[in-house]
Amino acid sequence: MNLNEWFNNGWLKRHQTSRDEIQNLLNLVKRDLTDCRIPELSTDWRFAIAYNAALQCCSIALYCRGFKVARGQSEHYRAIQSLVYTLGKEHAADRDYLNACRNKRNISDYDSAGTISDKESLELIDFADDLYQKMLDWLKKNYPMYC
């Protein structure tokens with residue numbers, strides 16, 4: 001599979017991004033990477049904020065490649081799965097980890113509070129930081145016009 005096949009399946013739509021849009025998304029990631037460290041917030045909420053930072057990294061890469069997940073097409077799932085088509089196949093482990101976090105976040109957000117441990121939250125915060133740096137390096141190398 002590739003992004004064009006996803007587009008043909010109706011999972012993606014074409015998207016023309018701009019420097020302003022990418023900068024706004026980068027600012028969201030930076031905000032979330034700061035806010036997820038606020039110790040007064042619940043562990044579940046800190047996890048959800050770190051998850052959002054990582055998810056926005058996936059979206060940034062997808063936007064730069066000229067696509068956006070189509071509404072109603074499992075937006076979070078597709079954005080995460082796209083990592084191997086945007087940043088590269090070497091990010092399969094990142095994709096798998098973030099998808100597992102998506103499942104945990106769904107339970108925490110919709111079914112049951114207190115299901116995220118401090119360790120899981122801290123791991124995701126570190127992961128989101130790392131993914132942000134990887135995405136920034138990729139962005140500077142491949143799409144410097146958006147930096």
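These are my notebook entries on what I looked up in this structure, which is a predicted model.

**Entry 1: the nonpolar core**

I began with the largest nonpolar core, which has 44 residues, and I noted that Leu98, Leu131 and Leu139 touch the most other members. I then listed where the core comes from: helix 1 (3-8), helix 2 (19-35), helix 3 (43-64), strand 2 (67-69), helix 4 (75-81), helix 6 and helix 7 (118-142) each supply at least two residues. Which helix gives the most to this core? I found that helix 3 does, with 14 residues. For background I wrote down that, in soluble globular proteins, nonpolar side chains tend to be buried together.

I followed Leu131 further and, leaving aside neighbours within four places in sequence, found Leu131 in contact with Ala54, Cys57, Cys58, Leu83, Leu87, Asp94 and Leu98.

**Entry 2: the cysteines**

Two of those contacts of Leu131 are Cys57 and Cys58, and I wanted to know how many disulfides the structure holds. The count is zero. The cysteine sulfur closest to that of Cys57 belongs to Cys58 and is 6.9 Å away, which is too far for a bond, because a disulfide needs the two sulfur atoms within 2.5 Å. I also checked how accessible this pair is: Cys57 counts as buried at 1% relative accessibility, and Cys58 counts as buried as well, at 0%.

**Entry 3: helix 2**

I next examined helix 2, whose 17 residues reach 24 Å from the first C-alpha to the last, close to the 24 Å expected at 1.5 Å a residue. Its buried residues include Ile22, Leu25, Leu26, Val29, Asp32 and Leu33. Why do the buried residues line one face of the helix? Seen down the axis of helix 2, they fall within an arc of 125 degrees, so they line one face. The general rule I keep beside this is that an α-helix has 3.6 residues a turn, so residues three or four places apart point the same way. The buried residues of helix 2 pack against helix 3 and helix 7, whereas Asp20 and Thr34, on the other side of helix 2, are exposed.

**Entry 4: Asp44**

I turned to Asp44, which lies in helix 3, and asked whether this residue is buried or exposed. Asp44 is buried, with a relative accessible area of 12%. I compared sequence with space and found that Asp44 and Ala113 are 69 residues apart in sequence, while their C-alpha atoms are 7.1 Å apart. When neighbours within four places in sequence are left aside, Asp44 is in contact with Ser108, Ser112, Ala113, Gly114, Thr115 and Ile116.

**Entry 5: two loop residues**

I located His91 in the loop between helix 5 (83-86) and helix 6 (92-110), and I recorded that His91 is buried, with a relative accessible area of 10%. Its side chain is joined to that of Asp94 by a polar contact of 2.9 Å. Not counting residues up to four places away in sequence, His91 touches Leu83, Val84 and Lys134. I cross-referenced Leu83 and Asp94 to my first entry, since both are in contact with Leu131.

My last look-up was Ser74, in the loop between strand 2 and helix 4. Phi of Ser74 is near 55 degrees, a positive value in a residue other than glycine. I noted that Ser74 counts as partly exposed, at 43% relative accessibility.

Definitions and conventions. Residues numbered from 1 in each chain as written. Predicted model: local features only at pLDDT ≥ 70, side-chain atom pairs only at ≥ 80, totals over all residues. Heavy atoms only, no water. Helix = DSSP H or I, 4+ residues; strand = E, 2+ residues; numbered from the N terminus. Buried < 20%, exposed > 50% of the residue type's maximum accessible area, 1.4 Å probe, protein only. Polar contact = N/O pair within 3.5 Å; in protein donor to acceptor, adjacent residues only side chain to side chain. Contact = heavy atoms within 4.5 Å. Core = buried A, V, L, I, M, F, W, Y, C linked by side-chain atoms within 4.5 Å. Expected span 1.5 Å × (residues − 1). Arc of directions from axis to C-beta.
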